[in-house]
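Reader: I would like to go through this model with attention to its aromatic rings and its sheet. Could we begin with a single pairing and work outwards from there?

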Amino acid sequence: MGILSHEPAIENLKVSVHDSSLVFPSFQVDETKSLFFSNIDQVLNFHVQTLHFFPPHPDFSPEAVVDRLKNGLQKVMVEYEFLAGRVKPDQEIGRLEVQYKPYGAGFVVATSELSLDEIGDLVYPNPAFMQLIIPGLSKFDDNPLCVLQVTSFKCGGFCLGVSTNHALFDGMSFKVFLQNLGSQAFDDKPFHLIPCHDRRLLAARSPPQVTFEHPELLKQPEGAENATVFDCNKEELDFKIFRLSSDDINRMKETAKLTETKPNTKLTGFNLITAHVWRCKALSRDVENNRERESVVLYAVDIKPRMNPPLPVSYCGNAVLSAYAAAKCWELEDEPLAKLVERISEGAARITDEYARSAIDWGEIYRGFPNGEFLISSWWRLGFDEVEYPWGKPKYSCPVVYRRSDIILLFPDIGGATSQGVNVLVALPPKEMIKFQSLFSKLLE
C-alpha cells in the first residue's frame, strides 16, 4: 500500500483557448421529437467532466486530431441525435426531457504552454486539470449537452476533455459513446455499437407500485426542488490517495477466505475494497466513540442484467441504482472483514428486477435522492483508456475530481484495469483523515 498526498507542483497549466464553435448534425433534426428521461435520469441533471490524455503521435499532429474529432462528433450525431438538443421541462407536467433542436454540441480548441511530462503525475487529481475542460464550458451560454475541448501540449501530446450531462449517460453507456466517437474519427470504421435509446424500458409502472421500503432513498422536502442528500459544505478537507496493489487486494481476499460466510457471498476486489473503506470511514468519523451509531454505505449497481427481460448492453442512459449496506459501529469494528464483505454482497444481490422497478416507482411518487453516510463511486473498471482512436488509446483517463467528504472515488492506475491496482481518493476533515489513514494501514496488516 502507498499513500500519495503531495500537492501538485504545477498549479497553472497555462491554457489558452483559441477557438470555440458549435457542431451541428449534418441532417435535418426532427424538432417534434423528445428524449424521455427515466426517474433515474431525472435526478442527474448536472455535468460530469472526464479527461483523456494522449502522448504525441508521429502521424497525427494536434491539428489533425482536432479535425478528426470535430468531424467524428458530427458523424456520431447520426446515432446520438439528442446531443444537439437541450434539457427542458415538458410543457404539460414539467418533467425534464431532451428537446430535439439543432442547437449543436460545443467544440473548443486550446493549447497549454507545458508538456505532458511537466504536468507530473496524471493520477493525482490536480485542481488545475479543470483548465482542460472548464474554459470550454464557459464559452457557451445555453448549456450544451456535450462539450469537447482538445488541449494540445508543447510536446505534441494532447488532452481530450469531455463534459456531458449525466442525465444522458451512466459510466458504461458513456464508454460506448466514446467508442463510437473514436470509431467515427477513423476514415471508414463502422459504429462500435449502435445505442439503444428506448429509455421507457425503465419507465415507472402505471400506477406506481412501491413494494419495498427503500431506506437508501430520501424523499425530497417540499419546496426544495434542488435539494441533495450529499452535503456541499465548504469545510476544510485534507486530500489523500491510498494506492492498493494487486498484492494488497489478494492478501485481503486470502484473509477473508479464512472466515465462513454465506454461500452467495462474492469476495470480489470491489467488495473487499468497499468493505475496508467503509470500516475506515465510519470509524474515523465516530469521534465520540458511539458504537451504537449506524453507518450506511452506498455503491452503484448495474441493473441491466438484473431486469426481466435484461436490458440490452447497448442501452443508452442511466441503468444503475444505489445499493446499500448498513452496520453499527461496533459491528464494523469487531466483525472480520469477510462479514462486512457479506453485507456488501447482500446489498448488491438485493437489487432484483422487482426491487429496481419498486425504486423507479418510488421516484415517480416522491422524487428523491440517495440516502447514506457516503457513496463509493468506482471508475476502476470502466475502461475509458481502452477506447481506440486513430492515434491509439489514451495514456490515462479520469474524471475531473471535486473534493467532497461524502464521496470516495476508486480510480485505476495508469494502465487501467490491466494494472490490477486501484487508487482510493479520500477527502476528509483533518482530524478524521488522521484516523482514517491510521485505520487504513492498520486494518490491512
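Author: The model is a predicted one, and a good place to begin is strand β9, where the bridge partner of F53 is C159.

Reader: In which sense do β4 and β9 pair, and over how many bridges?

Author: F53 belongs to strand β4, residues 47-54, and its bridge partner C159 lies in β9, which spans residues 158-165. The two strands, β4 and β9, run in the antiparallel sense, and their pairing extends over eight bridges.

Reader: Which strands stand at the edges of the open sheet, each with a single partner strand?

Author: The open sheet has six strands with mixed pairing, in the order β2-β7-β8-β9-β4-β16. Because each edge strand has a single partner, one side of each is left without a neighbour in the sheet, and the strands in this position are β2 (15-23) and β16.

Reader: What angle does the direction of α2 make with that of β7?

Author: From one strand of the sheet to the next, the twist averages 15°. Helix α2 packs on this sheet and touches β2, β7 (105-112), β8 (146-152) and β9, while its direction makes with that of β7 an angle of about 170°.

Reader: Turning to the rings, how is the aromatic pair of F53 and F129 classed?

Author: The model has 23 aromatic pairs by the ring-centre rule. In the pair of F53 and F129 the distance is 5.5 Å centre to centre, with 55° between the planes. Since planes under 30 degrees apart count as stacked and those over 60 as edge-to-face, the pair of F53 and F129 is tilted.

Reader: How many residues apart are F53 and F129, and are they buried or exposed?

Author: F53 sits in β4, whereas F129 is in the loop between α3 (116-119) and α4 (134-137), so that the pair links distant parts of the chain, 76 residues apart. As for accessibility, F53 and F129 are both buried.

Reader: How is the pair of F60 and W391 classed, and where does W391 lie?

Author: The ring centres of F60 and W391 are 5.8 Å apart and their planes stand at 70°, so this pair is edge-to-face. Both F60 and W391 are buried. The pair links parts of the chain 331 residues apart, with F60 in the loop between β4 and α2 (62-76) and W391 in the loop between β15 (374-378) and β16 (396-399).

Reader: Over which ring does the charged end of R200 sit?

Author: K189 lies over the face of F186, at 4.3 Å from the ring centre. For R200, the charged end is 4.1 Å from the centre of the ring over which it sits, that of F36.

Terms used. Residues are numbered from 1 along each chain as its sequence is written. This is a predicted model: local features need pLDDT of at least 70, side-chain atom pairs count only at pLDDT 80 or more; totals for chains, interfaces and linings use all residues. Side-chain values use heavy atoms; hydrogens and water are left out. Rings of Phe, Tyr and Trp (its six-membered ring) pair if their centres lie within 6.5 Å; planes under 30 degrees apart count as stacked, over 60 as edge-to-face and the rest as tilted. Helices (H or I, at least four residues) and strands (E, at least two) are DSSP runs, numbered from the N terminus. Buried means under 20% relative accessible area, exposed over 50%, partly exposed in between (1.4 Å probe, protein chains only). A charge sits over a ring if NZ of Lys or CZ of Arg is within 6 Å of the ring centre and within 35 degrees of the ring normal. Two strands pair if DSSP finds at least two bridges between them. Axes are lines fitted to C-alpha atoms, for helices over the stretch in contact, and angles run from 0 to 180 degrees between N-to-C directions. Contact means heavy atoms within 4.5 Å.
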